[in-house]
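Here is a quick walk through one protein model, written for someone who would rather look at the fold than at a table of angles. Have the structure open and click along.

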Amino acid sequence: MCNILWMFIFFILFFLSFTNSFSSEINLKVTNITEAKGFIHVAVYDNPKSFPSNEKKYLGLKEKVEDVSEKIISITDLFSGEYAIAIYHDENGNNSFDTFLGLPKEKYGFSNNPTIFLNAPSFEESKFYVNNNDRKLIEIELRWNIKEYL
């Protein structure tokens with residue numbers, strides 16, 4: 001009985017060390033933060049069909065702006081594959097990406113900083129690949145805000 005218990009413990013420890021050895025990390029740096037209030041919402045996607053739907057993201061994070069402007073956001077325990085990131089600056093803290101007549105009222109950004117015109121970029125334009133045990137730095141610049149033009 002004791003041997004079976006030790007074998008079970010060994011198997012669990014071996015399995016846990018094996019799964020963690022293939023996880024990767026993304027370090028996200030957000031630039032062009034002009035207002036030191038509100039939150040930065042981060043959505044990570046692993047499926048082109050769900051990008052950039054808020055309900056179908058792989059992983060979501062919310063960080064205070066003052067914390068983001070002073071540090072890098074770490075996204076850990078990712079497995080190898082293709083990912084894309086969408087972010088927005090929720091200046092008023094209402095947990096919603098505010099628009100006016102379909103135009104953004106809050107700054108936003110995507111991985112790879114693609115050129116954006118009237119629509120969100122495609123998954124293909126924003127995707128990047130993560131290998132096992134990767135540590136990638138992804139820099140996203142917050143973009144256009146309708147208040148800048150009114």
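Let's start with contacts along the chain: of those between residues at least 6 apart in sequence, 73% join residues at least 24 apart. Keep in mind that this is a predicted model. The chain carries three helices and ten strands, and from the N terminus the order reads α-β-β-β-α-β-β-β-β-β-α-β-β. Of its 150 residues, 35% are buried.

**The nonpolar cores**

Which residues have the most contacts inside the largest nonpolar core? They are Ile-26, Leu-28, Ile-40, Val-42, Ile-75, Ile-85 and Ile-87, in a core of 19 residues. Strands S1 (24-31), S2, S4 (73-78), S5, S9 and S10 each give two or more residues to this core, and so does helix H2 (65-68). A second, separate core has nine residues, including Ala-43, Phe-51, Ala-84 and Ala-86.

Leu-28 is a good residue to click on in the largest core. Leaving aside residues up to four places away in sequence, Leu-28 touches Val-42, Ile-72, Ile-73, Ile-85, Ile-87, Ile-138 and Ile-140.

**Around helix H2**

Val-68 sits in helix H2. Is Val-68 buried or exposed? Its relative accessible area is 2%, and under 20% counts as buried, so Val-68 is buried. With residues up to four places away again left out, Val-68 touches Val-30, Ile-33, Ile-40, Glu-63 and Ile-73. One of those partners, Ile-33, is 35 residues away along the chain, with 9.1 Å between the two C-alpha atoms.

Step on to Ser-69 and you are in the loop between H2 and S4. Ser-69 is partly exposed, at 47% relative accessibility. Its C-alpha lies 9.8 Å from that of Ile-40, and the two residues are 29 apart in sequence.

**The largest pocket**

Now for the empty space. The largest pocket holds about 670 Å³. It is lined by 27 residues, and the closest to its centre are Pro-52, Phe-97, Tyr-108, Phe-110 and Ala-120. Strands S2 (39-45), S3 (59-64), S5 (81-90), S7 (103-104) and S8 (108-110) each give two or more residues to the lining. S2 has the largest share, with four residues. What does the lining look like by class? It has 18 nonpolar residues, eight polar ones and one charged.

**Aromatic rings by the pocket**

There are eight aromatic pairs in the model. Take Phe-97 and Tyr-108: their ring centres are 6.0 Å apart and their planes meet at 85 degrees, and since an angle over 60 degrees counts as edge-to-face, that is what this pair is. Phe-97 belongs to the loop between S5 and S6, while Tyr-108 is in strand S8, so the pair ties together parts eleven residues apart in sequence. The two differ in accessibility: Phe-97 is partly exposed, with a relative accessible area of 31%, whereas Tyr-108, at 11%, counts as buried.

Both rings belong to one aromatic cluster, made up of Tyr-45, Phe-51, Tyr-88, Phe-97, Tyr-108, Phe-110 and Phe-123. Phe-51 turns up in the second core as well.

**Backbone oddities**

Some backbone angles deserve a look, because most residues other than glycine have a negative phi, and most peptide bonds are trans. Here are the exceptions to check.

| Site | Backbone value | Where |
|---|---|---|
| Phe-51 to Pro-52 | cis, omega near -10 degrees | Pro-52: loop between S2 and S3 |
| Leu-101 | phi about 55 degrees | loop between S6 (99-100) and S7 |
| Asn-133 | phi near 65 degrees | loop between S9 (128-130) and S10 (135-141) |

The cis bond runs into Pro-52, which is among the residues closest to the centre of the largest pocket. As for the positive-phi residues, Leu-101 counts as exposed at 76% relative accessibility, because the cut-off for exposed is over 50%. Asn-133, at 44%, counts as partly exposed.

If you only have time for one stop, try the pocket: Phe-97 and Tyr-108 are both among the residues closest to its centre, and they form the edge-to-face pair described above.

Conventions
Residues are numbered from 1 along each chain as its sequence is written. This is a predicted model: local features need pLDDT of at least 70, side-chain atom pairs count only at pLDDT 80 or more; totals for chains, interfaces and linings use all residues. Side-chain values use heavy atoms; hydrogens and water are left out. On a 1 Å grid over the protein atoms alone, a cavity is a set of points where a 1.4 Å probe fits but cannot get out, and a pocket is an open set with protein on both sides within 12 Å along at least five of seven lines; lining residues have an atom within 4 Å of a point. Grid points are joined across faces, edges and corners, and a volume is the space filled by probe spheres set on the points. Ala, Val, Leu, Ile, Met, Phe, Trp, Tyr, Cys and Pro count as nonpolar, Asp, Glu, Lys and Arg as charged, and the others, Gly among them, as polar. Buried means under 20% relative accessible area, exposed over 50%, partly exposed in between (1.4 Å probe, protein chains only). A nonpolar core is a set of buried Ala, Val, Leu, Ile, Met, Phe, Trp, Tyr and Cys residues joined through side-chain atoms within 4.5 Å. Contact means heavy atoms within 4.5 Å. Rings of Phe, Tyr and Trp (its six-membered ring) pair if their centres lie within 6.5 Å; planes under 30 degrees apart count as stacked, over 60 as edge-to-face and the rest as tilted.
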